[in-house]
Structures are given as C-alpha cells and as structure tokens.
Amino acid sequence: MISSIVLFFASAAVIYFACEYFVNGVEWVGHRLELGATAVGTVLAAFGTALPESAVTFMAVVFGTTPDQKDIGVGAAMGGPLVLSTLAYAVVGLSLLRMQKRRPAGADDPRIKADQQRLARDQGWFMAIFIFKVGLGLIAFAWKPWLGILFLAAYALYVKRELAAEDTCTEADVLEPLKLRPRDPQPTMGWACFQTILALVVIAIASRVFVLQIESLGELLGASPHIAALLLAPVATELPEIMNAIIWVRQGKERLALANISGAMMIQATIPSALGIFLTPWLLDGTLLAAGLFTMLSIGVLWLRFRQDAMSLRTLSAVGGLYALFAGYIGWHFYA
C-alpha cells in the first residue's frame, strides 16, 4: 500500500513536469507550422496527450482474453469523455477563479477569453458523434464493426476543419524559450519536435505507472473491474490533459487549455470508440449508459453556454459536480 501511494504521487509529479516540456514544445511546433492557437490545442496537443487513454482501450480490446478485460477497454472509451467533459473543464474554471482572487480588487473579468462559438461547434460535433456511439451500444447486428470506420472518418474531417479554420488569437505567438534550447530565440523544428516527442515518451511511461498504481489501489479497496474502468483508469489517463490545462491557465493561455480539452474529447469520441466497435460486441450495460447520460448532460450545459457566449467561470467549474454525482451513483450501484 505504501509503495503504491509513493509511486502514485511520484508518477503524477513526473507527468506534470513532463507536461511543462510538452506544452512548451508543442507550441513551438505549432509556431513553426504557422498554426493558430486553437489548432495547436485541438489537434497537436490533444493528439499527443490522448495517446495514453487510447492505448488503454487498444491494449484491452486487442489483447484482452476475457470479457472482463475487454470491458475495461469499453469502460475507458466511455469513461474518458466523461472525465474530460466534467473534471477537465472544471479544473480550468477553478484555476481561473483562483487566479482572479490574486488580482487587485476590481480587476476581475468573469469572461472566458476564448472563441466560445468555436467551442460550441466542437461540443455540437462531439454530442452528435457521442449520441450515435451510445445508440450503437443499445442494439446488436452483424455488420456493426464496419461502422467503426465512420468514427475514424469523422475525426479526420474534424482535423481537416480545424487546420483550415482561421484563428486570430495571438497566444501561440507569445512563446517562452524552448526548454531544451533556452538561449536560442528561434529554435529549429527539429529541436521542437525532439523535445515534444521526448516529453510524450516520459508522459506515456509515467502514465502507465500511474494507471498501475490506480489499479493496485482499486484492488486493495475492493473496487470491481467496472469501477476501475469507469472511475479510476480514465482519471489517470486523462491526467496529461488536466495538467496541460493547469499549465496553460497559469501562463494566461486559457484558449489553449480549453482547445486541448475540446480536441481530446473529439479523439475520445472517435478513435477509442472505433477500436471498441471493431473488436468487441459494443453493448453497453446500465453503468456504461449512466456514464453516457452524465456525459451528454455536461456537454448539453457546455454547448448551451458556449453557444450563447455566456460561459462563466462558475458554470465551467460547476460541471465537475456531475462527475461527483456519477461516482456516487456507481458507488451506490455496486455497494448498496
């Protein structure tokens, strides 16, 4: 137990510091590719930090030999979007609220410094794909695995749209020196890519250690595979996105933080789902459907507020409460 707790906190610390290098490197890569801030967050950063959770689903559904092992992959594919749409957004809101308290009196700005209409479109895309994904989990038919191709195509179309969209935000142009080349005012693409990939490797290794400690602690606490898949593993594998959000908010780049979460949600709605649909029956039980309903409720709130350009920091922070309600439901369902 003690060794698991030590490794738990140590791996979390390593992930945080590796994310410092990752966000710094990916901003320089985006700068060299002349991408806007939102595209850097939704495509480059999101794809990199989504690797750990996608790997969990891949390993479970491809190499799992028992129904319980494959259930972990399906649970991760459903639990990841839930964590991102609740806890990750709440972290951004709470971090911004904390920063406001440190500002002089009268300097508070309750507005989100981001393109709320663009974020609303992302939530709309996610909601449409997610409803289709949950709907497939309610019915069984022979050619269902072929529909996994639609999810991959949807993500490819999303990436194409993000890269082609205009972005007038200047956040990506205000760059800190590349951490591996602090005295070089214009580091090359090679150095930026090297730092980004190196940081990703460290994040992947530390995330794997973190997941193992979560599973170990879950077993010691008597948690079932379903609980590990829905509550513990997604929180662990989504940690890089959450850490990135904290770092970017601290740097005053909340648009990048929100874009990273939004882009990661699109990956979670498509790539792990495609793997699950390809390689499992993709039939959702009551707890998985509950995860889907809580996710859709959170996305509905986010979509409405972003669409109205009315998202406040308190509302953004409050969506984290939906995850607490879901955790309470799961605990009651399994232990009542």
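Let's start with Asp309, which counts as partly exposed at 48% relative accessibility. You'll find Asp309 in the loop between H11 and H12. What is the phi of Asp309? It is positive, about 55°, although Asp309 is not a glycine. As a reminder, most residues other than glycine have a negative phi. Please keep in mind that what we have on the screen is a predicted model.

There is another residue to put beside that one, and it is Trp282. Trp282 has a phi near 50°, again a positive value in a residue other than glycine. Its place is the loop between H10 and helix H11, which covers 286–307. Is Trp282 buried or exposed? Trp282 is buried, because its relative accessible area is 1%. Asp309, as I said, is partly exposed at 48%.

Let me step back to the whole chain for a moment. There are 13 helices and zero strands, so if you read the elements from the N terminus on, expect α every time. The chain has 336 residues, and 53% of them count as buried. Among contacts with a separation of 6 or more, 85% are between residues 24 or more positions apart.

Now to the helix packing, beginning with H6, residues 148–164, and H10, residues 254–279. Their axes come within 7 Å and cross at roughly 160°, which means that H6 is roughly antiparallel to H10. The crossing of H6 past H10 is left-handed. On the H6 side, the contact uses Gly148, Ile149, Phe151, Leu152, Ala154, Tyr155 and Tyr158. The H10 side includes Ser262, Gly263, Met266, Ile267 and Ala269, and further along Ile277 and Phe278. How do the residues of this contact divide by class? There are 13 nonpolar, five polar and no charged residues.

H6 also packs against H5, residues 116–136. Here the axes come within 12 Å and cross at roughly 175°, which means that H5 is roughly antiparallel to H6. From H5 the contact takes Arg118, Arg121, Asp122, Trp125, Ile129, Phe132, Lys133 and Leu136. H6 answers with Leu150, Phe151, Ala154, Leu157, Tyr158, Arg161 and Glu162. By class, the contact of H5 with H6 has nine nonpolar, no polar and six charged residues. For the contact of H6 with H10, remember, the charged count was zero.

If you have the model open, have a look at Phe151, Ala154 and Tyr158. They are listed in the contact of H6 with H10, and they are listed again in the contact of H5 with H6.

That brings me to the aromatics. Trp125, Tyr155 and Tyr158 form one aromatic cluster. Trp125 belongs to the H5 side of the contact with H6, while Tyr155 and Tyr158 are on the H6 side of the contact with H10. How many aromatic pairs does a search of the whole structure find? It finds nine. One of them is Phe141 with Trp143, a tilted pair with 4.7 Å centre to centre and 55° between the planes. Phe141 is partly exposed, because its relative accessibility is 24%. Trp143 counts as exposed, because its value is 52%.

Next, the pairing of H1, residues 2–32, with H9, residues 239–250. Their axes come within 9 Å and cross at roughly 60°, and H1 passes H9 in a right-handed crossing. The H1 residues in the contact include Ala12, Ile15, Tyr16, Cys19 and Glu20. From H9, the list includes Leu239, Pro240, Met243, Ile246, Ile247 and Trp248. The contact of H1 with H9 has 13 nonpolar, one polar and three charged residues.

Hold on to Ile246, please, as H4 comes in here. Ser95 is in helix H4, residues 67–101, and it counts as buried because its relative accessibility is 17%. Which residues does Ser95 touch, leaving aside its neighbours within four places in sequence? They are Ile246 and Val249. Ser95 and Ile246 are 151 residues apart along the chain, and their C-alpha atoms are separated by 6.8 Å.

I'll finish with another serine, Ser317, which is found in helix H12, residues 313–318. Ser317 counts as buried, because its relative accessibility is 12%. Setting aside neighbours within four places in sequence, Ser317 is in contact with Ala90, Gly93, Leu94 and Leu97.

That's my tour, thank you!

Key. Residues numbered from 1 in each chain as written. Predicted model: local features only at pLDDT ≥ 70, side-chain atom pairs only at ≥ 80, totals over all residues. Heavy atoms only, no water. Axes fitted to C-alpha atoms, helices over the stretch in contact; angles between N-to-C directions. Helix = DSSP H or I, 4+ residues; strand = E, 2+ residues; numbered from the N terminus. Parallel < 35°, antiparallel > 145°, perpendicular 65-115°, else oblique. Left-handed = near helix turned anticlockwise from the far one by under 90°. Contact = heavy atoms within 4.5 Å. Nonpolar A, V, L, I, M, F, W, Y, C, P; charged D, E, K, R; others polar. Phe/Tyr/Trp six-rings, centres within 6.5 Å; stacked < 30°, edge-to-face > 60°. Buried < 20%, exposed > 50% of the residue type's maximum accessible area, 1.4 Å probe, protein only.
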